[in-house]
Amino acid sequence: MSSNLSNSVLKWYKKHGRNNLPWKVKDPYKIWISEIMLQQTQVNTVIPYYLKFIKKYPNLKSLVSADLDDLMLIWSGLGYYRRIKNIHLSSKIIAREHNYNFPHKYDDILSLPGIGRTTASAISTFSGFSNKAILDGNVKRILIRFYEIEEENKTILEKKLWDKSVSITPLKCTSDFIQGMMDIGSVICKRTNPECCRCPLKSMGCSYNPTHKREKKIKKKINNIKMNLIVLINQSNQIYLEKIKAGKLWQGLYSSPTFTLNSHTNEWMLRNNISDLKPIYRSNIMHRVTHKKIMFNTFFYFLKNDKKVSLSSKNWYNLADINVGVPKYQDKALVIYRSEYEKNNV
Ligand code: SF4
């Protein structure tokens, strides 16, 4: 059964697989960058980021000497910023422990920050170093449906799925097989409305019926948060941004000051001698991060050149060319400011 399944997947992949993706190369460095970007992000979103990243940092040497702020800037908008920090950290480890050569041994790859079993298997197998099975979300979904695997206990389920994935993964053409499984999961055996009629596994006896069977959805509890976002623009067309401190969400990126309490907002305004200013615009910006829904109550202030404030002169960035990474909510605030500015200056 498993060899029939792998043959069907390989046959399908040869004809329909997404072979033209820019990271379909044998360079483990490029595969590593793409695999980290693809963690929790769709292929189409990743492509432009990947191309830009590889153009600027074509190899490990160029990456090792990069400043984390510059890496955060290039990653800006892709989200899950821990990934780029782990890439930065890993590059130093590879330089120090592997003399700037991406490791070939599976265990060495697995030991790098931000790399779990599936990512290590994908990098190692796509680079031609090993023949390892993977278990990403797409492969899990296919296995659960195809083999009708039901298990309440998450740990036991994970083990069952890994065992199954290992048992069906062929030792020959492993790279094409796992890529084929990922592609089928992504374009055919989708979370909702799987297109079974064009799936190569249908004729292999997959009896999953999307109209009869409903997979249990685990509802994640959404945490609603309210924050104040203070956007300061000065007469020289600069915006005031502060680096987000360690331990906070979006740490390492730059943002307009944020506060969870009105009293803290007022204290900060008073301390910096801007409490007498009236906001020129106000807006509510909604931003969703995994299980958090954050409402930014956003106040835009305009500072004339003669206004004496206690803010550091180093924290002002040219609005036309912000050369540091900013979170998505900050981008949304900038879009609002520009559209309000245009409306009021026509
Ligand atoms: S036949 Fe349908 S449910 Fe089964 S693996 Fe293919 S797409 Fe998924």
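A residue counts as buried under 20% relative accessible area, as exposed over 50%, and as partly exposed in between, with a 1.4 Å probe and protein chains only. By this scale lysine 243 is partly exposed, at 44% relative accessibility, whereas aspartate 69 is buried at 19%.

The structure is a predicted model, in which local features need pLDDT of at least 70 and side-chain atom pairs count only at pLDDT 80 or more, while totals for chains, interfaces and linings use all residues. Residues are numbered from 1 along each chain as its sequence is written, and side-chain values use heavy atoms, with hydrogens and water left out.

**Domains and their interface**

The chain is divided into domain 1 (27–127), domain 2 (133–218) and domain 3 (223–344); the bounds come from an automatic or database domain assignment. Between the C-alpha centres of domain 1 and domain 3 the distance is 31 Å. Eight residues from domain 1 and 14 residues from domain 3 take part in the contact, defined as heavy atoms within 4.5 Å.

About 810 Å² is buried between domain 1 and domain 3, with 53% given by carbon and sulfur atoms. Buried area is the accessible area (1.4 Å probe) that two parts lose on being put together, summed over both. Of the area that domain 1 buries against domain 3, 47% is supplied by Asp69, Leu73 and Tyr81, more than by any other three residues.

**Salt bridges**

Side chains of opposite charge can pair when their charged atoms come close. A salt bridge here is a side-chain nitrogen of Lys or Arg within 4 Å of a carboxyl oxygen of Asp or Glu. The whole structure holds nine salt bridges, and one salt bridge is found across the interface of domain 1 and domain 3. Three of the pairs are tabulated below.

| Acidic residue | Basic residue | N to O distance |
|---|---|---|
| Aspartate 69 | Lysine 243 | 3.1 Å |
| Glutamate 151 | Lysine 160 | 3.2 Å |
| Aspartate 276 | Lysine 307 | 2.9 Å |

Aspartate 69 lies in helix α5 and lysine 243 in strand β3 (residues 242–243), so this pair ties together parts that are 174 residues apart in sequence. Helices (H or I, at least four residues) and strands (E, at least two) are DSSP runs, numbered from the N terminus.

Glutamate 151 is partly exposed at 28% relative accessibility, and lysine 160 is likewise partly exposed, at 37%. Lysine 307, the partner of aspartate 276, is buried at 19% relative accessibility. Lys190, Glu195 and Arg198 are joined into one network by salt bridges that share partners.
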